[in-house]
Amino acid sequence: MQFYLDGYRPGDPLVQEPHPSVTGRPEGLPEQVDVLIVGCGPAGLVLAAQLAAFPEISTMIVDRRNGPLEVGQADGVAVRTVEMFEAFGLAGRLLDEAYWVNEVTFWRPDPEDPSSIARTGRVLDTEVGLSEFPHVIVNQARMLTYLREHMERSASRLAPSYGLHASDLTVDPSGGSEHPVTVTLEHLDDSRTTGRTSTVRARYVVGCDGARSNVRSAIGRELVGDLTNQSWGVMDVLCVTDFPDIRLKAAISASEGSILVIPREGGYLVRLYIELDAVRDRDMLENRSVTPAKLAAVANRILHPYTVEVKDVGWWSVYEIGQRLSDKFDDVPAGETATRHPRVFIAGDACHTHSAKAGQGMNVSMADAWNLGWKLGAVLRGTARPDLLHTYSTERQEVAAELIAFDREFSRRFSADPSNEGADPEEFQRYFVQQGRFTAGVATTYAPSMITADCDFQHLAAGLPVGMRFHSAPVVRLADAKHLHLGHVARADGAWRLYAFADREHPASPSSRLRELCDFLESDESPVARHTPSGAECDSVIDVRAVLQQGHRDLSTDEVPAILQPRKGRFRLVDYEKVFCADRGSDIFDLRGIDRATGCMVLVRPDQYVAHVLPLDAHQALADFLGGVLLESR
């Protein structure tokens with residue numbers, strides 16, 4: 001973590017100095033903003049947290065609730081989401097508070113007594129080496145708190161406005177207005193209308209307002225799919241039980257139904273997902289008379305011979321499984337993408353819904369928002385072409401479609417009757433292991449586009465596939481010999497990362513391909529020079545970093561090219577944190593299949609997905625690719 005660039009000041013270094021626009025901000029709702037976000041759930045707050053990094057962009061986020069969410073709803077945090085929270089500087093806090101899902105057990109009917117259950121398997125929750133972070137469980141409300149506090153510490157001092165419902169939205173079809181989207185906000189008091197309304201005009205609007213999204217309806221999109229006629233109860237409980245795996249994630253499929261046990265943070269709380277049978281539980285489903293006591297009774301029926309005595313209920317609900325998807329995530333008709341840029345977007349449950357058991361809803365929603373956030377930031381700051389905004393719907397709709405298909409199959413297998421003739425008690429366990437990368441959130445692969453290149457040089461970095469998330473690995477920072485993860489140096493600041501993995505030559509040698517690359521990057525023809533706005537920090541658009549093969553004790557900082565020790569801030573201080581060396585105990589070149597003879601460049605998008613792999617001497621190819629995304633600064 002870096003701070004004090006523009007002068008020492010006492011106090012919490014995580015609290016940034018407010019941007020000048022904050023001090024003159026008028027009271028009440030603004031008449032116009034750059035971005036209006038509707039909804040303070042996971043997608044809305046991740047989007048707001050990303051935009052908070054750009055205080056020159058005016059952002060407003062509203063929610064119909066009276067205040068922040070306090071309990072319940074989603075709780076599973078995939079390893080990819082923890083990686084994302086690290087980019088916001090929030091992973092440490094999340095990991096300290098959360099329950100870590102280390103292993104999963106599987107329970108099926110006991111072959112000797114089918115009326116009882118027996119453990120049939122136990123596996124690692126996440127395969128070794130998949131991420132440096134674990135799969136964790138924490139209340140969604142806590143994660144939203146982390147994001148709000150991050151926004152409040154930012155230079156933008158961004159904070160949600162509650163009690164506002166987006167009741168109407170229109171887009172000026174002429175394209176002549178700088179703020180073409182008009183939103184009517186209805187003022188609510190404890191969810192009741194007050195008769196007051198306000199109007200806000202925006203350059204862009206993002207609907208993160210859930211499955212019943214008004215924003216989605218306003219742009220003519222709809223969720224299409226099916227309900228499965230399967231109902232599940234969910235409870236966060238404090239309980240006393242003789243079930244031995246109550247502090248492990250446990251998937252239980254019995255003759256009486258299915259339960260998913262999810263231990264919660266704090267050591268005592270546990271979440272139970274309880275399948276409700278359409279026949280045996282018909283009365284309470286049809287009469288809508290479900291209560292926590294009735295859910296506990298169903299749980300005891302399934303868990304036999306074990307029992308669970310519920311002492312306290314923190315939150316509970318009943319939901320029906322359904323998989324539904326919007327055909328597009330913005331307001332531009334499919335046939336008009338060549339002539340129009342989107343102005344309204346939807347994210348999260350507003351564009352895809354599914355069951356809760358696979359733990360994907362909150363995670364995929366947050367990934368939607370991060371994908372969109374850096375793109376909006378780049379376009380509004382004038383560093384990227386507006387065509388970039390088309391890639392949001394293209395990329396995330398495909399991911400959501402894959403999620404829907406996975407969730408349908410996952411739900412089918414989880415709820416399959418284990419008493420059916422020929423049923424294999426290990427089938428679901430094998431499927432769980434096979435799909436581990438998907439549930440961890442690291443299987444997403446973006447297709448070639450203006451921001452994702454073809455894989456012509458993938459052999460130079462076989463373990464960093466183009467289109468997939470940048471898989472971090474240990475390194476040693478040259479300047480201070482600190483052992484760290486390379487991926488952790490990148491913050492959610494909207495910058496592209498160019499990682500130059502060096503060839504074998506000493507970086508000071510005239511024959512070093514790394515030095516030749518650095519000479520090019522320091523020239524006037526460099527994409528760094530071409531795309532960095534005047535007055536901006538040299539690494540604010542393209543952040544160049546190097547990973548050397550030599551040990552950190554075999555080099556000196558005075559042998560490093562100047563672009564890898566840039567001068568920054570009003571005092572022109574030297575940034576010494578751009579150069580890393582291979583960790584001899586866990587060598588990144590070996591772990592990620594980097595070609596040692598030639599080295600390579602790995603270009604990473606602001607949301608940590610690999611955009612391109614190129615030879616170190618492919619200077620013009622790098623410039624051409626970035627030139628297709630970024631605008632000239634001169």
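Author: Buried means under 20% relative accessible area, exposed over 50%, and partly exposed in between, with a 1.4 Å probe and protein chains only. This is a predicted model, in which local features need pLDDT of at least 70, side-chain atom pairs count only at pLDDT 80 or more, and totals for chains, interfaces and linings use all residues. Residues are numbered from 1 along each chain as its sequence is written, while side-chain values use heavy atoms, with hydrogens and water left out.

Reader: What makes helix α2 mostly covered?

Author: Helices (H or I, at least four residues) and strands (E, at least two) are DSSP runs, numbered from the N terminus. Helix α2 spans residues 42-51, and 10 of its 10 residues are buried. The buried residues of α2 are Pro 42, Ala 43, Gly 44, Leu 45, Val 46, Leu 47, Ala 48, Ala 49, Gln 50 and Leu 51. Each of these ten falls under the 20% limit, so the description holds.

Reader: What covers the buried residues of α2?

Author: The cover includes strands β1 (32-38), β2 (59-63) and β11 (192-207), along with helices α3 (79-87), α5 (140-153) and α9 (361-380).

Reader: How do you know that strand β14 is largely enclosed?

Author: In β14 (residues 257-263), 7 of the 7 residues are buried, so the rest of the structure largely encloses the strand. The burial applies to both faces: Gly 257, Ile 259, Val 261 and Pro 263 lie on one side, and Ser 258, Leu 260 and Ile 262 on the other.

Reader: Why is β14 said to pair with β13?

Author: Two strands pair if DSSP finds at least two bridges between them. Strand β13 (residues 249-254) and β14 have 5 bridges, in the antiparallel sense, so the requirement of at least two is met. Ala 254 stands opposite Gly 257 in β14. A hairpin with 2 residues joins β13 to β14.

Reader: Which residue is the bridge partner of Ile 259 in β15?

Author: That partner is Ile 274. Strand β15 (residues 270-276) runs antiparallel to β14, and 5 bridges join the two. Their hairpin has 6 residues between the strands, and Gly 266 in this hairpin takes a positive phi near 100 degrees.

Reader: What makes β3 and β4 edge strands?

Author: The sheet is open and antiparallel, with 3 strands in the order β3-β7-β4. β3 (76-77) and β4 (99-101) each have a single partner strand, so one side of each has no neighbour in the sheet. β4 is joined to β7 (residues 135-137) by 3 bridges, with Tyr 99 opposite Ile 137.

Reader: How do you know that Cys 351 is in no disulfide?

Author: A disulfide is a pair of cysteine sulfur atoms within 2.5 Å. The structure holds 0 disulfides. For Cys 351, the nearest cysteine sulfur is that of Cys 208, at 8.4 Å, and this distance is outside the 2.5 Å limit. For Cys 518, the nearest cysteine sulfur is that of Cys 538, at 13 Å, so that pair fails the limit too.

Reader: Why do Cys 351 and Cys 518 count as buried?

Author: Cys 351 has 0% relative accessibility and therefore counts as buried. Cys 518 has 1%, so Cys 518 also counts as buried.

Reader: What makes Thr 444 buried, and which residues does Thr 444 touch?

Author: Thr 444 has 12% relative accessibility, so it counts as buried. Thr 444 is found in the loop between α12 (436-439) and β19 (474-477). Contact means heavy atoms within 4.5 Å. Leaving aside residues up to four places away in sequence, Thr 444 touches Val 399, Gly 467, Met 468 and Tyr 609. The C-alpha atom of Thr 444 is 9.2 Å from that of Glu 402, and the two residues are 42 residues apart along the chain.

Reader: How do you know that the radius of gyration agrees with a compact globule?

Author: The radius of gyration is taken over C-alpha atoms, and the globule rule is 2.2 Å times the number of residues to the power 0.38. For 634 residues the rule gives a value near 26 Å; the protein chain has 26 Å, so the two agree. The C-alpha atoms fill a box of roughly 75 × 60 × 55 Å along the principal axes. Buried residues make up 55% of the chain, which has 16 helices and 27 strands.
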